[in-house]
Amino acid sequence: MSTRDLYVQGPGDALWTVPATGSARFSWEYGDGRERLLALYQKGKDKQWDAATRIDWDLEVDPRNPLGTPDESMALYGTRYWDKLTEQDRGDLRRHYTSWQFSQFLHGEQGAMVCAARIVESVPDLDAKFYSATQTMDEARHAEIYSRFLQDKIGMFYPVNDNLQALLGDTLRDARWDMPYLGMQVLIEGLALAAFGMIRDTTTEPLPRQILTYVMQDEARHVAFGRMALRDYYRQLTDAELREREEFVIEGCYLMRDRLRGLEVLENFGIPRQEAAEITENSEFLHLFRKLLFSRIVPCVKDIGLWGERLQRAYADLGVYELGDSNLDLLMAQDEELAEELDAQRFAAEEAARTAEVAAAIAQGAAAEGAG
Ligand SMILES: [Fe+2]
Ligand SMILES: [Fe+2]
């Protein structure tokens, strides 16, 4: 089924064409892959999974409250607009927000797939090409999952946010092979991961929780890859080259912080853009959200060696400087554990149901025999 009719407003042309520059690279050296990267490649192969079977798509979702969002965490809550909304309108608003948010996840996953494929093409080393090929597949599965969720459970899509699109475009147009890593693996994925984590840890609904938990299990590998590859490469760059990368990070961070907050949704509810901006700016929830949003990026940027003065100042200005010391490895290990625990719980519940069914059948058989 075409999703064109499910877009809340037209996404413009059906195709977005980005003229890419830079070289495709082949390596004839098949024997000297880095052990850590090859181990990650192996893990990428071992941990493939199928959304069609691992996710319980029969779970129902209420489109008017898909995540179980409490009123207080809605940006409009506490404003005069909120008081004017009927219960029906509030349900509509929650549906639009979830659609907007998951649509950005979806478009971002497509971007991640394209960037991962681009890394396969442009990165010089074969071990990184191998690994990135598994990530390309991971991102395809993620895009498949989010689009299914939006189609089947929400029934509504939002077009890609202008600023997310701009960052994706900048990332892809750049000829330097490390830029898809920096723009996609570090910035966009870092933000996405933080947003996924917040929903995973707060939603009361089992289906979105499953989706985010399993997607995050894969993303832990993606972040590890970006860190490994860039840490090695950035060690060889000159100061001037490093400063250029830092500028890109600073600009990207401000852009994402200021522009990725769903004003499109409020505009669709008749609130003028300027006022929508003020409302979200004053939302207490947004302040909390923003800080958390950087929890995955800052330690990663520091870890790969981009920690010049200007960047440190920018992070101090954003109020996220101290996040540089948080333990990224621990966060990633937790993401993987949570997915395994969820599997174990679900498996145990299924097992218990099966055992109960068998026990009931035996009891029934025994009763029938006793009667006969
Ligand atoms: Fe992904
Ligand atoms: Fe990813």
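Arg141 sits over the face of Trp49, with 4.9 Å to the ring centre. In this predicted model, Trp49 has Arg54 over its face too, at 5.1 Å from the ring centre. Here are the two contacts side by side:

| Charged residue | Ring | Distance to ring centre |
|---|---|---|
| Arg141 | Trp49 | 4.9 Å |
| Arg54 | Trp49 | 5.1 Å |

Now for rings that meet other rings. The count comes to 19 aromatic pairs. Take Tyr146 and Phe196: their centres are 5.7 Å apart and their planes make an angle of 45 degrees, which puts this pair in the tilted class. The contact ties together distant parts of the chain, as Tyr146 belongs to helix α5 (residues 126–154) and Phe196 to helix α7 (residues 179–202), 50 residues apart. Both Tyr146 and Phe196 are buried.

Then there's Phe294 with Tyr315. Why is this pair edge-to-face? Its ring planes stand at 65 degrees, and over 60 counts as edge-to-face. The ring centres of Phe294 and Tyr315 are 6.5 Å apart. This pair also links distant parts of the chain: Phe294 is in the loop between α12 (284–293) and α13 (297–303), while Tyr315 is in helix α14 (residues 309–317), 21 residues apart. Are these two rings buried or exposed? Phe294 is buried, and Tyr315 is buried as well.

Finally, a bigger grouping to look for on screen: one aromatic cluster is made up of Tyr131, Trp177, Tyr181, Phe225, Tyr233 and Tyr234.

Key:
Residues are numbered from 1 along each chain as its sequence is written. Chains are lettered from A and ligands numbered from 1 in the order in which they are written. This is a predicted model: local features need pLDDT of at least 70, side-chain atom pairs count only at pLDDT 80 or more; totals for chains, interfaces and linings use all residues. Side-chain values use heavy atoms; hydrogens and water are left out. Rings of Phe, Tyr and Trp (its six-membered ring) pair if their centres lie within 6.5 Å; planes under 30 degrees apart count as stacked, over 60 as edge-to-face and the rest as tilted. Helices (H or I, at least four residues) and strands (E, at least two) are DSSP runs, numbered from the N terminus. Buried means under 20% relative accessible area, exposed over 50%, partly exposed in between (1.4 Å probe, protein chains only). A charge sits over a ring if NZ of Lys or CZ of Arg is within 6 Å of the ring centre and within 35 degrees of the ring normal.
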